[in-house]
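Here's a quick briefing on the empty space in this one, cavity and pockets alike. Have a look at the model before reading on.

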Amino acid sequence: MALKPRQIEAFRAVMREGSMVRASAVMAITQPAISYLINSLETAVGFTLFSRQGGKLSATPEALQFMAEVERLYDGLDRIQEIARQIANYERAAIRILITSAFSAGRIVNGIGQFAAKHPGLKLDIDVEQRMNIMHRINSGQADLGILSLPTGMDGLIVTKLFSTELLCVSSTKGLLEDQDSVTPQSLENLPMVALKSGGLIRPKIEDWFNEAGVKPNYVIEVGDAGTAIELVKGGLGVTIVSSFSFPEQKDSGAIALPLEPPQFIDIGVLLPITQHPNRAVQSLVEFLQKNTWS
């Protein structure tokens, strides 16, 4: 006869309480019901579990042996339940993240850190990569999540927007924008500009902004990242246009920033591979970043 969970529960209750009455109270059932469970368990296992001596319930040696094994198995079940909880809470998960250099410091990485802090045991592997490398590595299954500016220009990937960031014109605090509230293409005509290289999305958007106004920008130097452009401008080398995400938030940063007119924005988002079973930890991280990362 197969043992039933309810029989084992009754046996453990009687062993721990030392009384059918107290065990029935713990299990919220009647004493005849718990007596029936114990009797049926004795029939199933083939030996006596309890005897009465002087009106006191006493566990047989076989019951003590049986209890030791039951508790060992229940300890194992508790461990299994704990492992299941850890898996459900992403504490045994691993996420491989790729991110462009423009977002490798600041609020996005801070948000990733906050998420990891909420899920102790979560393993993160974060690499800084160029846009094209991120797209190809996500597409080939070499990473779980890519963070970059949108659009991507590649099919076969799941694209999710996180937020939009405005483009700003940056100059030295002693520079060329102090008397303005915003910047037009005409106001930048003939001014020396530090330009971001064409590999990203900002440069083409700025080219369109100038072209629509019929203005030719005066690029004096090209750099690969916004941080370098800002530092050059802070040194007095003209102006540059970067995303608000890249501009330092400190008031004493040594630079001022003004919005463009008309305003220009780029979208920041994530790339996910298309899989039959999406990574729950990755999906939860994306949702966290959407709620906790702002432009």
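Sorted by class, the lining of the largest cavity comes out as eight nonpolar residues, one polar and one charged. Keep in mind that this is a predicted model. As for the open pockets, the largest one has about 530 Å³, and the second largest holds about 150 Å³.

**The cavity**
- The count is one cavity of 30 Å³ or more, and the largest cavity has a volume of about 70 Å³.
- Its walls are made of M193, V194, A195, L196, I202, R203, I206, Y219, T240 and I241.
- Two or more lining residues come from each of β7 (192-196), α8 (202-213) and β9 (239-243).
- β7 gives the largest share of that lining, with four residues.

**The largest pocket**
- This pocket is lined by 24 residues, and S101, R131, G199, G200 and G224 are the ones nearest its centre.
- At least two lining residues apiece come from α6 (131-139), β5 (145-150) and α8.
- The class split here is ten nonpolar, nine polar and five charged.
- So which element turns up in both places? α8 lines the largest cavity and also supplies residues to the largest pocket.

**The second largest pocket**
- Here 14 residues do the lining, with D144, P273, T275, P278 and N279 nearest the centre.
- β11 (265-273) and α10 (280-292) each put in at least two of the lining residues.
- By class, the lining of this pocket has seven nonpolar, five polar and two charged residues.

Notes
Residues are numbered from 1 along each chain as its sequence is written. This is a predicted model: local features need pLDDT of at least 70, side-chain atom pairs count only at pLDDT 80 or more; totals for chains, interfaces and linings use all residues. Side-chain values use heavy atoms; hydrogens and water are left out. On a 1 Å grid over the protein atoms alone, a cavity is a set of points where a 1.4 Å probe fits but cannot get out, and a pocket is an open set with protein on both sides within 12 Å along at least five of seven lines; lining residues have an atom within 4 Å of a point. Grid points are joined across faces, edges and corners, and a volume is the space filled by probe spheres set on the points. Ala, Val, Leu, Ile, Met, Phe, Trp, Tyr, Cys and Pro count as nonpolar, Asp, Glu, Lys and Arg as charged, and the others, Gly among them, as polar.
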